[in-house]
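I opened this notebook to record what I looked up in the structure. The entries follow the order in which I took up each topic.

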Amino acid sequence: MPRLTEAEYDALDEEITRNPPDVYSAKSRCPVRMVTVDDLCADWLRIKAAAEHTTEGAIIGELVRKEIAATA
């Protein structure tokens with residue numbers, strides 16, 4: 001994963017501060033994971049998620065599961 005510049009870090013910090021992750025008591029022991037992607041990937045994920053009426057996380061999960069199944 002590429003290193004963030006100071007400006008990118010500040011923008012990410014501000015975004016997380018304004019929109020903190022949801023914490024569910026049942027899943028409180030599960031860590032919150034965050035992945036950074038480039039603008040092209042982010043746009044593609046948003047468009048695909050909107051078209052399928054789902055979330056970006058669900059799209060990523062589906063892609064990962066397909067990749068795991070393909071290598072098994």
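The entries below go from the overall fold to a helix pair, two residues and a pocket.

**Entry 1: overall fold.** I noted at the outset that this is a predicted model. I looked up the secondary structure and found three helices and zero strands. Read from the N terminus, the elements run α-α-α. I then looked up burial: of the 72 residues of the protein, 7% count as buried.

**Entry 2: the pair H2 and H3.** I recalled that two packed helices are described by the angle between their axes and the distance between the axes. I therefore looked up both values for helix H2, residues 39-52, and helix H3, residues 56-71; their axes come within 8 Å and cross at roughly 100°. Angles of 65 to 115 degrees count as roughly perpendicular, so H2 is roughly perpendicular to H3.

Next I asked which residues of H2 meet H3. On the H2 side I listed Trp44, Leu45, Arg46, Lys48, Ala49 and Glu52. On the H3 side I listed Glu56, Ile59, Ile60, Glu62 and Leu63. By class, I recorded six nonpolar, no polar and five charged residues in this contact.

**Entry 3: Glu56.** I took up Glu56, which is found in helix H3. Beyond its neighbours within four places in sequence, Glu56 is in contact with Leu45, Arg46 and Ala49. For one of these partners, Arg46, I looked up the C-alpha separation from Glu56: the value is 6.3 Å, and the two residues are ten apart along the chain. Is Glu56 buried, partly exposed or exposed? Its relative accessible area is 35%, so I entered Glu56 as partly exposed.

**Entry 4: His53.** I located His53 in the loop between H2 and H3. I checked its backbone and noted a positive phi of about 55°, although His53 is not a glycine. For context, I wrote down that most residues other than glycine have a negative phi. The relative accessible area of His53 is 75%. Exposed means over 50%, so I entered His53 as exposed.

**Entry 5: the largest pocket.** I looked up the space in the largest pocket and found about 1200 Å³. Its lining comprises 24 residues. Which of them lie nearest the centre of the pocket? I recorded Leu12, Met34, Val35, Thr36 and Val37.

I then traced the lining to the helices. Helix H1, residues 6-18, H2 and H3 each supply at least two residues. H1 gives the most, with five residues. By class, I divided the lining into 13 nonpolar, three polar and eight charged residues.

Definitions and conventions
Residues numbered from 1 in each chain as written. Predicted model: local features only at pLDDT ≥ 70, side-chain atom pairs only at ≥ 80, totals over all residues. Heavy atoms only, no water. Axes fitted to C-alpha atoms, helices over the stretch in contact; angles between N-to-C directions. Helix = DSSP H or I, 4+ residues; strand = E, 2+ residues; numbered from the N terminus. Parallel < 35°, antiparallel > 145°, perpendicular 65-115°, else oblique. Contact = heavy atoms within 4.5 Å. Nonpolar A, V, L, I, M, F, W, Y, C, P; charged D, E, K, R; others polar. 1 Å grid on protein atoms, 1.4 Å probe; cavity = no way out; pocket = protein on both sides within 12 Å on 5 of 7 lines; lining within 4 Å. Points joined across faces, edges and corners; volume = space filled by probe spheres on them. Buried < 20%, exposed > 50% of the residue type's maximum accessible area, 1.4 Å probe, protein only.
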